[in-house]
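User: I have a chain open on my screen and would like to talk through its packing, strands and charged pairs. Could you take me through it?

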Amino acid sequence: MKKIMFILFNLVIFLNIFSYQMEKSFPVSKENFDDSILTNNMFEFKAFKGQGYIILEYENFKYADIYINGVKLKTDDFKDKGMKKIDISRITENDKNIFQISNLNGKVNVKIPYPVIIEKSQGKDYNNETLKFLDEFIKAEIEAGLPSVQIAVVKDGKLEFLKSYGYVNNYNQDGTEIKDKIKVTDETVYDLASNTKMYATNYAVMKLVSEKKLNLDDYVYKIFPEFKGSNKEKIQINDLLKHQAGFPPDPQYFNDKYDKDDGIPNGKNDLYAIGKENVKKAILKTPLVYEPKTFTKYFDVDYMLLGLIVEKITSQDLDIYLKENIYNKLNLSKTMFNPLKNGIEKNMTAATELNGNTRDNTIDFINVRKYTIQGEVHDEKAYYSMDGVSGHAGLFSNAYEVAKLAQIIINDGGYGDIKFFDKTTLDNFIKPKDINSSYGLGWRRQGDRIYKWAFSGLASSETIGHTGWTGTLTVIEPSQNLVIVLLTNAKNSRVIDPLKKPNDFYGNHYYTTNYGVISTLIIDAFSNRNSKKDTNLRMNGILKELIIGKYNLIKNDNKYKNSADIKNVIELINLLNKRTEKITSEYEKIKEELKQFKFDK
């Protein structure tokens with residue numbers, strides 16, 4: 001078997017199926033020669049402790065001194081011509097590593113792959129006290145009614161935390177609790193909502209730009225000639241990525257009764273469109289509401305159009321292109337559009353809204369879903385108008401597979417033996433835009449702590465990621481080689497007051513679904529140098545702050561006087577009692593006071 005694997009490995013090398021973060025030939029050719037001399041034979045590459053290998057292909061080889069981080073590799077058995085794969089996992093460091101070759105007699109071609117995620121051993125306990133607290137905290141919120149949570153954390157190339165909580169569907173359509181609920185597992189897939197923009201459309205665009213198949217300065221009308229009039233000729237590809245194209249907030253192409261964004265006040269929706277071709281025509285004739293390039297306004301239409309541009313450039317449907325060029329290459333079996341049509345069972349998907357897209361029977365339009373949404377994209381434009389596949393929404397996945405996708409950014413554009421886009425392209429996409437540092441090209445950025453509500457105030461200014469309306473968050477912290485994926489189905493709950501606030505779901509009233517607490521605890525977990533005792537005391541202090549903070553909000557602000565917020569505080573007090581192994585009268589009084597509140601059921 002080992003012989004067969006060796007033959008197969010050599011075959012793929014010969015066929016050049018793989019691509020690498022570093023592939024260089026020595027001696028350096030005349031075209032690449034630098035008269036600084038030393039710069040010809042020393043290079044930096046990305047790696048993490050405990051993983052990595054190097055491939056050396058040699059010809060007419062007599063001898064050479066080859067080093068990784070100053071440690072000399074054994075080359076005594078190299079003879080004339082051949083190929084060696086050398087394990088360097090014992091000498092790699094986190095982040096920056098140095099390759100050096102000198103005293104070469106012969107020819108050598110060097111290939112170094114990108115890092116991969118090393119999975120944690122099954123059954124191994126988390127030895128980080130902050131992560132243990134995080135685990136207890138989420139369990140308390142689940143007990144208080146939070147529908148479900150799935151988290152993956154990758155630090156320095158290692159999967160440090162992967163856990164799932166809650167149930168795939170919690171409530172009947174009338175809001176009563178389902179008796180025989182099915183637990184979420186690490187395999188359960190979630191509707192990523194607007195994280196689709198990053199891990200589908202942005203990745204496709206970044207790959208095409210890196211391959212010189214798409215230019216960000218291209219004008220949209222050159223791709224779709226009918227996209228003209230009313231300043232549309234000014235719109236470039238990068239304007240769509242920067243959310244500065246001028247489109248209206250939410251042209252409801254799926255809603256026959258919507259009459260706000262078509263420019264024709266006649267009581268009907270003249271942009272009403274079902275089916276990709278019809279939607280494309282509708283988008284291209286959608287009136288702009290502000291001059292392109294003058295404001296940053298986050299809207300879905302930009303990415304609906306970008307998805308169509310990817311299809312035009314590649315001559316493939318967006319989902320097929322992504323599957324063949326990204327997801328399959330990463331062996332992602334749970335990342336896809338339309339999961340129910342692609343072999344995923346319904347109860348392996350986390351449900352979202354209980355009463356379709358009706359906000360508990362207060363919204364109506366032609367063909368509106370009224371059943372609990374499970375395994376279908378929640379987003380109306382994606383589902384009704386685009387048959388589940390759109391550039392702005394529709395992607396499903398689980399936390400671990402999203403973490404693999406996010407790790408590509410940490411790795412500077414690749415994963416293992418596959419390069420998806422070059423570092424120059426990546427750097428261009430994640431740098432801040434001129435007029436708003438919280439935006440890159442598509443990516444949301446921490447910037448001047450503008451996005452701390454989701455990414456945490458502990459995240460560096462270069463942190464990027466995105467959120468999704470269904471309750472999803474991704475955080476990529478390059479300075480710490482840290483990836484956080486938080487998936488929830490917050491919308492799998494009733495709406496508190498559907499007539500006044502149709503988008504205010506009970507599931508959004510937990511700390512977890514407001515993101516910042518979770519991302520802060522995770523970043524802190526890998527920055528904390530305190531002892532076990534000190535960490536536990538500090539976590540108890542944080543827990544008390546969260547209890548008192550929300551208790552005060554409940555007392556002073558009517559929007560927090562609801563069963564979700566109140567049950568949340570009660571369960572956090574129960575957690576505090578468990579952690580301190582005593583019942584504190586101050587917090588018991590709070591608990592009893594909250595139980596007396598008259599709130600919705």
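Analyst: One cut-off is useful at the start: a residue counts as buried under 20% relative accessible area, as exposed over 50%, and as partly exposed in between. By that rule isoleucine 98, with a relative accessible area of 43%, is partly exposed. Please keep in mind that this is a predicted model.

User: Where does isoleucine 98 lie, and which nonpolar surface patch is made with it?

Analyst: Isoleucine 98 lies in strand S6, which covers residues 95-112. Together with Leu38 and Met42, Ile98 makes a nonpolar surface patch of about 260 Å².

User: And inside, which residues of the largest nonpolar core touch the most other members?

Analyst: That core has 81 residues, and the ones that touch the most other members are Tyr199, Tyr203, Leu305 and Trp443.

User: Take Leu305, then: what does it touch, leaving out residues up to four places away in sequence?

Analyst: With those left out, leucine 305 touches Val220, Phe224, Phe227, Leu240 and Phe247, and also Ile283 and Leu284. Apart from this core lies another one of 51 residues, which includes Ala144, Ile523, Ile547 and Leu576.

User: Changing topic to strands, how many bridges join S7 to S8?

Analyst: Strand S7 (residues 148-155) and strand S8 (residues 158-166) run antiparallel and are joined by 8 bridges. Lysine 155 has lysine 158 in S8 as its bridge partner. The hairpin has 2 residues between the strands, and aspartate 156 takes a positive phi near 50° there.

User: What about S9, S10 and S11, in what order do they form a sheet?

Analyst: These 3 strands form an open sheet in the order S9-S11-S10, with antiparallel pairing. Strand S9 (190-191) and strand S10 (336-337) stand at the edges and have a single partner strand each, so one side of each is left without a neighbour in the sheet. S9 is joined to strand S11 (residues 395-397) by 2 bridges, and the bridge partner of aspartate 191 in S11 is phenylalanine 396.

User: Now the charges: how many salt bridges does the structure hold?

Analyst: The structure holds 34 salt bridges. As background, side chains of opposite charge can pair when their charged atoms come close. One of the pairs is lysine 72 with aspartate 65, whose side chains meet at 2.9 Å, N to O.

User: Are those two buried or partly exposed?

Analyst: The two partners fall into separate classes: lysine 72 is partly exposed because its relative accessible area is 48%, whereas aspartate 65 counts as buried because its relative accessibility is 16%.

User: Which lysine forms a salt bridge with glutamate 129, and how far apart are they in helix H2?

Analyst: Glutamate 129 forms a salt bridge with lysine 132, and their closest N and O atoms are 3.3 Å apart. In helix H2 (residues 129-143) glutamate 129 and lysine 132 are 3 residues apart, which means that about one helical turn separates them. Glutamate 129 counts as buried at 13% relative accessibility, while lysine 132 is partly exposed at 34%.

User: And what of aspartate 565 and lysine 550, buried or exposed?

Analyst: Aspartate 565 and lysine 550 are both buried, and their side chains meet in a salt bridge at 2.9 Å, N to O. This pair links distant parts of the chain, with aspartate 565 in helix H15 (residues 563-580) and lysine 550 in helix H14 (residues 532-556), 15 residues apart.

User: Which residues are linked in a network of salt bridges?

Analyst: A network of salt bridges links Lys197, Asp250, Asp300 and Lys381.

Conventions. Residues are numbered from 1 along each chain as its sequence is written. This is a predicted model: local features need pLDDT of at least 70, side-chain atom pairs count only at pLDDT 80 or more; totals for chains, interfaces and linings use all residues. Side-chain values use heavy atoms; hydrogens and water are left out. A nonpolar core is a set of buried Ala, Val, Leu, Ile, Met, Phe, Trp, Tyr and Cys residues joined through side-chain atoms within 4.5 Å. Buried means under 20% relative accessible area, exposed over 50%, partly exposed in between (1.4 Å probe, protein chains only). Contact means heavy atoms within 4.5 Å. Patches are made of residues with over 30% relative accessible area and no salt bridge: like charges are joined within 9 Å, nonpolar side chains (Val, Leu, Ile, Met, Phe, Trp, Tyr) within 5 Å. Accessible areas come from the Shrake-Rupley method with a 1.4 Å probe; for residues, only the protein chains shown count as cover. A salt bridge is a side-chain nitrogen of Lys or Arg within 4 Å of a carboxyl oxygen of Asp or Glu. Helices (H or I, at least four residues) and strands (E, at least two) are DSSP runs, numbered from the N terminus. Two strands pair if DSSP finds at least two bridges between them.
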